[in-house]
Amino acid sequence: LYAFYHAALGIINQSVWFITMCAYYIVLSTMRLSAVLCERKNRSTLSNDIEYFVMKLCGVLLILLNFVLAGAINISLSQNIATKYGEIVMITIATYTFSKITMTVIKAVKQRKNPSPLLSVIRSISYAEVAASVLTLQRSMLVSFGGMSNTEIHTMNTLTGSAVCLFVLILGISLIIRGAKRKENNYG
């Protein structure tokens, strides 16, 4: 629904930014939906093939998400799109973002020895989402609290955006490689 909300805003306002955000949320939703559907399917069958297919699919979707994020970052940098919030709202957003990071780390530590491909996919989706959240938090904090020149803000956002894109790209490639290796081990 959030993706469609952004699509409507993009159409109404003729905004490439909102259309890009729509694409981001559609890709993220598709990955999550595929993981949920895979879990439901696995309850009735004991095949790991479906999980590895979903792993490779989500790897491809993470690579696609990387390009969507790169587009969103490019648009935000070129058009200076960053929302300025009041101190209380910014602290609330930061608290929410850090709680997402904490929950993601806790789940990763608890599940690190579980070899399930589906859990690996879900963790990768969470990592990508948290990385994008950190970037959004940084952009908002830099304009909300000030203290840096526009050039310094632009540089920080470029560096962090590049790091987030690289991280998401590596997540996607690693899922594809792990999914393909598993298939080779089963059939080779």
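Where is Gln-14 found? Gln-14 sits in the loop between α1 (2–13) and α2, and that loop is a good place to begin a walk through this predicted model. The phi angle of Gln-14 is near 50°, a positive value in a residue other than glycine. Gln-14 also counts as exposed, at 73% relative accessibility.

Let's step back and take in the whole chain. The protein chain has six helices and zero strands, so the order along the sequence reads α-α-α-α-α-α by the way such elements are assigned. Along its principal axes, the C-alpha trace spans about 55 × 35 × 25 Å. Of the 188 residues in the chain, 39% are buried. The chain exposes about 11100 Å², and carbon and sulfur atoms supply 65% of that area. Contacts often reach far along the sequence: among those between residues at least 6 apart, 76% join residues at least 24 apart.

From the loop at Gln-14, follow the chain into the next helix. Thr-20 has its place in helix α2, and Thr-20 is buried, with a relative accessible area of 13%. Who are its companions? Leaving aside neighbours within four places in sequence, Thr-20 is in contact with Val-68, Gly-71, Ala-72 and Ile-75. Looking back towards the start of the chain, Thr-20 and Ala-3 are 17 residues apart in sequence, and their C-alpha atoms are 9.6 Å apart in space.

Next comes the interior. The largest nonpolar core has 33 residues. Those with the most contacts inside this core are Tyr-24, Met-31, Leu-62, Leu-65 and Leu-69. The elements that give two or more residues to the core are α2, α3 (49–78), α5 and α6 (150–187). Helix α3 gives the most, with 13 residues. Met-31 offers a good view of how the core is joined up: not counting residues up to four places away in sequence, Met-31 touches Cys-58, Leu-61, Leu-62, Leu-65 and Ile-125.

Now turn to the charged side chains. A search of the whole structure finds two salt bridges. In one of them, Arg-32 pairs with Glu-129, and the closest N and O atoms are 2.2 Å apart. Arg-32 lies in helix α2 (residues 16–44) and Glu-129 in helix α5 (residues 117–145), so this pair ties together parts that are 97 residues apart in sequence. The two partners differ in how much of them can be reached: Arg-32 is partly exposed, with a relative accessible area of 37%, whereas Glu-129 counts as buried at 18%.

Glu-129 also meets the side chain of Lys-100 in a salt bridge, with an N to O distance of 3.8 Å. This pair links distant parts of the chain, with Glu-129 in helix α5 and Lys-100 in helix α4 (residues 87–111), 29 residues apart. Lys-100 counts as buried, at 17% relative accessibility. Through shared partners, the salt bridges join Arg-32, Lys-100 and Glu-129 into one network.

Which side chain of opposite charge is nearest to Arg-123? Arg-123 lies in helix α5, and Arg-123 is buried yet has no salt bridge. The nearest side chain of opposite charge is that of Glu-51, 10 Å away. A salt bridge needs the nitrogen and the carboxyl oxygen within 4 Å. Not counting residues up to four places away in sequence, Arg-123 touches Ala-108, Gln-111 and Asn-114.

Leu-119 is found in helix α5 as well. Leaving aside neighbours within four places in sequence, Leu-119 is in contact with Gln-111 and Asn-114. Leu-119 and Glu-39 are 80 residues apart in sequence, while the C-alpha to C-alpha distance between them is 9.8 Å.

The tour ends on the surface. Ile-91, Met-141 and Phe-145 form a nonpolar patch there, with about 260 Å² of accessible area together. Phe-145 has its place in helix α5, and Phe-145 is partly exposed, with a relative accessible area of 42%.

How values were computed: Residues are numbered from 1 along each chain as its sequence is written. This is a predicted model: local features need pLDDT of at least 70, side-chain atom pairs count only at pLDDT 80 or more; totals for chains, interfaces and linings use all residues. Side-chain values use heavy atoms; hydrogens and water are left out. Helices (H or I, at least four residues) and strands (E, at least two) are DSSP runs, numbered from the N terminus. Buried means under 20% relative accessible area, exposed over 50%, partly exposed in between (1.4 Å probe, protein chains only). Lys and Arg count as positive and Asp and Glu as negative; His and the chain ends are not counted. Contact means heavy atoms within 4.5 Å. Patches are made of residues with over 30% relative accessible area and no salt bridge: like charges are joined within 9 Å, nonpolar side chains (Val, Leu, Ile, Met, Phe, Trp, Tyr) within 5 Å. Accessible areas come from the Shrake-Rupley method with a 1.4 Å probe; for residues, only the protein chains shown count as cover. A nonpolar core is a set of buried Ala, Val, Leu, Ile, Met, Phe, Trp, Tyr and Cys residues joined through side-chain atoms within 4.5 Å.
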